[in-house]
Amino acid sequence: MTTATTTGAVGAAHTRVEGRDKVTGAARYAGEIPFAGLAHGWLVLSTAARGRILSVGTEPVLGMPGVLTVLHHGNAPRLDTDYIGMLGVPPDPTAAVFQDDRVPHAGWPVALVVAETPEQAREAAEALVVTYEREPHDIELSAGRPDAYAADGHMPAVTEKGDLEAELAACAHVVDVEYTTPEEHHAMMEPHAATALWDGGRLEVVDSNQGTTWVADEIARMFSLDPSAVRVRSEHIGGGFGSKGLRAHQVCAVMAATALQRPVRVVLTRRQMFSLTGYRSPTVQRVRLGAGPDGRLRALEHRSLNQTSTVWEFVEPSAGVARVMYDADAHRTSNEVVRLDVPSPTWMRAPGEAPGSFALEAALDELAERCGIDPVELRLRNDPERGPVSGLPFAGRNLAACFREGARRFGWAGRDPRPGTRREGRWLLGTGTAAASFPAGALPSTAAVTAEADGAYTVRIAAADIGTGARTALTLVAADALRVAPDRVRVRIGDSDFGPAGIAGGSMGTRSWAWAVTAAAEELRGRLVPGGAVPPEGITVRSDTTAALGALAQKERHSFGAQFAEVAVDVSTGEVRVRRMLGIFAAGRIVNPLTARGQLVGGMTWGISMALHEEAVRDRAFGGLYGADLAGYHVATHADVPEVEADWVDDPDPDDPVGIKGIGEVGIVGAAAAVVNAVWHATGVRHRNLPIRPDRVLRAGGAGV
């Protein structure tokens, strides 16, 4: 077999390999794939915010046209929830549906109606009468709650060193402020959908998820099945952002398919997604910073409080960002939670870092004002050489390069530091900046690469392309490792039968999968004989990166970035408009500049949305959300984003075989803070509660507003 040498695919811009299928409709998503004999399930959610189910009126509903069954706590199979899943956490009981009569929050799943058509299922579900014994509920998150407690989550709850109070007392400049962020929702374009069916004694689930082996593992454990008896497929995903793991709809589909012995599909409505698929918890954060006359930090405290449900503990680790960004002689961080009668929060793009960076970077901007030091210069003076908490060396920390390049391109040097001095008619203008960081991790993964008899190569890996361009990135990585052109590589993903692989989450997906693909491809290339024939069945090599990742030296591994924003504030209406944004990032080797830029710009756009628009509000009386849809829950649109530019500095990770770190989440980190800091520069008024709605701007006043 002759192997052509074509190098340099990684780093060159490539359109998505599946792009044509997506724009022509050939790519089918989880809710679109046809199955013979398909039945449809429709969930019924609780209208009570807390209490017990007294009765489920199934008899009239079972007589309605097309209705096949109604599942609820009285007839559903028992599930096993006493386990620790692949991600190291127990399952959220919201997914373990119909196990008892308790109702812990509004929107809790209480029944599934299954019928021949989705229309019949919906009509019957809306006719189902469920009666409740209602109890008083509590949905109020506020600072100073006596029932709040420190919780670990996926990092230690508390870190501390030095005498905080003594250092603060000795500081020339002190900032002591509280910031809040509201409840926020993923709101991806594709709703959650799953189809379950039994085939020859094996369960198959066709789903939209962020990791097929993750979901397959959860289903096998929950239903007490042998892992080999479960297959999960998820080929195309229309966005996930942290919410597409194991949810109620997959479990319902499996229950119904088992009961009826035919394929059953469950698709969540947009309103149901607001209750069942997780969200970013609101936070209350207190930041205390103390600095000497030169602006160097001597004291830093970052405390964050978030809500969790009464059935499952989830920590939004907002204080974790301070453990990476800035050091001080006295340094204390704490993540705390309070249990309320609300749905369980979950991971949402840049969990912890997105709300945490808003508070920390806004507080640092306030400190810069107190010190009379330029905000960029203050950050450069406090750029640590080692991890502030861990003490470990950084595996590359090019934050200073990001700020210097960003300041140059943004025109920061000509900025008048005085707030409220620039004006165009009724618009006040201002600029702001903030730093960004996100961990660069990797999960153990396996991959198989096959040399085919026709000269092509097939890569099989249980990766998930949630819109990031993962297929294309892995095609380029495999092509370079094999030393062939990308058009000779076929990448197949999204099938748990391909073997264990990391999830698309935590900015770890491409790095985890590329490591495994590179290892398999390089070994395969070494086995091939130049000019030799390949047998009809091909030659396959399989890799497993578990040992390689375990051998990595302990370091602080992160992507970094510098965010810059210019805003205009209408003095008459209080409207805030972002005129331009620039983000410069140090995020490892960029595999595909085309899709990478889209990821970074998308994150920055989400930062605009976070700063100015996104806010889910719960009604105190009934415990549910006002406007649980995309009409009532506002997100940024094209009109809100006139000019957003993302670029990067050279920053390959020397410990990664491709040099990758991760870009999926760092783009949103610090973006909201840059906008908020720009609003202060425009108006002279600090906004510490997101979003910055026009009414808040008008109520705050200042600088002619």
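## The largest cavity

The lining of the largest cavity is a mix of 8 nonpolar, 3 polar and 3 charged residues. Keep in mind as you look around that this is a predicted model. The volume of this largest cavity is about 170 Å³. It has 14 lining residues, and those closest to its centre are D92, W214, L246, W312 and W347.

How many cavities of 30 Å³ or more does the structure hold? There are 5 of them, so you may like to find the others once you have located the lining residues named above.

## Cysteines

Next, let us turn to the cysteines. The number of disulfides in the structure is 0. Take C171, which is in no disulfide: the nearest cysteine sulfur belongs to C371 and lies 9.4 Å away. A disulfide would need the two sulfur atoms to be within 2.5 Å.

Is C171 buried or exposed? Its relative accessibility is 12%, and C171 therefore counts as buried, because the cut-off for buried is under 20%. C252 is buried too, with a relative accessible area of 0%.

## N306, a buried residue in a strand

Now look for strand β15, which runs over residues 297-309 and includes N306. N306 has a relative accessible area of 0%, so it is buried. What does the side chain of N306 reach? It comes to 3.0 Å from the backbone nitrogen of E316.

E316 also appears among the residues that N306 touches, leaving aside those up to four places away in sequence. Its neighbours F314 and V315 are on that list as well, as are S281, P282 and T283. The remaining contacts of N306 are L141, E336, V337 and V338.

## V174, a partly exposed residue in a strand

The last stop is V174, found in strand β9, which covers residues 173-181. Here the relative accessible area is 33%, so V174 is partly exposed; that value falls between the 20% limit for buried and the 50% limit for exposed.

Which residues does V174 touch, not counting those up to four places away in sequence? They are L168, L289, G290 and R370. It is also worth finding A299 in the structure: 125 residues separate V174 and A299 in sequence, while their C-alpha atoms are 8.8 Å apart in space.

Key:
Residues are numbered from 1 along each chain as its sequence is written. This is a predicted model: local features need pLDDT of at least 70, side-chain atom pairs count only at pLDDT 80 or more; totals for chains, interfaces and linings use all residues. Side-chain values use heavy atoms; hydrogens and water are left out. On a 1 Å grid over the protein atoms alone, a cavity is a set of points where a 1.4 Å probe fits but cannot get out, and a pocket is an open set with protein on both sides within 12 Å along at least five of seven lines; lining residues have an atom within 4 Å of a point. Grid points are joined across faces, edges and corners, and a volume is the space filled by probe spheres set on the points. Ala, Val, Leu, Ile, Met, Phe, Trp, Tyr, Cys and Pro count as nonpolar, Asp, Glu, Lys and Arg as charged, and the others, Gly among them, as polar. Buried means under 20% relative accessible area, exposed over 50%, partly exposed in between (1.4 Å probe, protein chains only). Helices (H or I, at least four residues) and strands (E, at least two) are DSSP runs, numbered from the N terminus. A polar contact is a pair of N or O atoms within 3.5 Å; within protein, one must be able to donate a hydrogen and the other to accept it, and residues adjacent in sequence count only if both atoms are side-chain atoms. Contact means heavy atoms within 4.5 Å.
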